[in-house]
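Here's a walk through one fold, starting from a single contact and working outwards. Have the viewer open while you read.

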Amino acid sequence: MKKTFLFLVLLLSASAWSIQKDFSRSMTFPFSSGYKIDGVARNVIYLTIDDGPTPAGTPAMLDVLLKHGVKGTFFVHGDQAVRRPYLLERMYLEGHLVANHSYSHQTDFPSKSSFESSLMRTHDIIAPYIAPENIMLYRAPGGVWNTWRSSIGNNHRVLSEYVGPLFWNVGGGKPGSQDDADWKCWRRGNGVTVSSCANSYYRQILSNYSRNQASLVLLHDVKSLSARLVDELLTKLKRDRVDWEFRLADDMPIVRQMAR
Ligand SMILES: [Zn+2]
């Protein structure tokens, strides 16, 4: 009897240790074909905000989200986060999700150890601000991804707990297209207003809706202009006839499935 009990305990603890989360091999995860997120209704919007936390952009973005009662997912850089833990704390306390976006936005990793160390240095800084019930997420800087990176991540003791990389279907700013991004708007200078950029985001979300797909929106908290954009965008969306729903990025069924 004692032996059976011991065996059961060993079996249970072994299965607990073998819980594997996953980096997808696909650069455009979590999308299936046509930039659709399977199992998510078209009125769902995931706001994701990258490249902070910065004093110029993050407090303004948090203020706007608080004003509208909307939660977002912040993909932060380790080198920004380490200098501003008070902004991570604010994200956490206000119900946002803090996620990993590398240490200093590297798109090129010359070795396995450079990739692991960029993600792990960031992980060590952000881990205290991620609630246990949330899933640890990673977004690749510039969306640059390959199977080599996914296998390094999946074979690492800590990084294998992550799900990613998380791509986007709004705010990509593809060259020569109408698919505006906030950084592209601000770079263009004269003639571009916060409203014109907010309208572009709005059109991209509506276009997804008309194609029966949810929106995973890419934004940045580097300049306060992006916070003004989000203010206009949320005001516009809330006046719509569509009952838009805002969720954290770890809420997608495919992410939950990968995290099992
Ligand atoms: Zn970025």
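## Starting in the core

Leaving aside residues up to four places away in sequence, valine 230 touches Met61, Val64 and Leu219. Keep in mind that this is a predicted model.

Val230 belongs to the largest nonpolar core, which has 63 residues. Which of them touch the most other members? They are Met61, Val98, Ile126, Leu137, Tyr201, Val217 and Val230. Helix 9 gives the most to this core, with seven residues.

## Helix 8 and its buried side

Helix 8 covers residues 194-210, 17 residues in total, and its first and last C-alpha atoms are 24 Å apart, close to the 24 Å expected at 1.5 Å a residue. Its buried residues are Cys197, Ala198, Ser200, Tyr201, Gln204, Ile205 and Asn208. They sit on the same side of helix 8, because the arc they cover around the axis is only 155°. The general pattern behind this is that an α-helix has 3.6 residues a turn, so residues three or four places apart point the same way.

What covers those buried residues? The list includes strand 1 (44-50), helix 7 (182-188), strand 4 (215-220) and helix 9 (224-239). After helix 8 comes asparagine 212, with a positive phi near 65°.

## Helix 5 and the strands beside it

Helix 5 (residues 112-126) has 15 residues, so at 1.5 Å a residue it should span 21 Å, and its end C-alpha atoms are indeed 21 Å apart. Here the buried set is Phe115, Ser118, Leu119, Thr122, His123, Ile125 and Ile126. Their cover includes strand 2 (73-76), helix 3 (78-81), helix 4 (85-93), strand 3 (97-100) and helix 6 (147-154).

Strand 3 is itself covered on both faces: Leu97 and Ala99 are buried on one side, Val98 and Asn100 on the other. In a regular strand, side chains alternate between the two faces of the sheet. Strand 3 pairs with strand 2 in the parallel sense, over four bridges, and threonine 73 stands opposite leucine 97.

## Zooming out

All told, the protein has 10 helices and five strands. Its radius of gyration is 19 Å, close to the 18 Å that the globule rule gives for 260 residues, so it is as compact as a globular protein of that length. The C-alpha trace spans about 75 × 40 × 35 Å along its principal axes.

How much of the protein counts as buried? The figure is 42% of the 260 residues. As for contacts between residues at least 6 apart in sequence, 82% join residues at least 24 apart.

Notes
Residues numbered from 1 in each chain as written. Predicted model: local features only at pLDDT ≥ 70, side-chain atom pairs only at ≥ 80, totals over all residues. Helix = DSSP H or I, 4+ residues; strand = E, 2+ residues; numbered from the N terminus. Expected span 1.5 Å × (residues − 1). Buried ≥ 20, exposed ≤ 12 C-beta atoms within 10 Å, placed from the backbone. Arc of directions from axis to C-beta. Contact = placed C-beta atoms within 7 Å. Pairing = 2+ DSSP bridges. Core = buried A, V, L, I, M, F, W, Y, C linked by C-beta atoms within 7 Å. Rg over C-alpha atoms; globule rule 2.2 N^0.38 Å.
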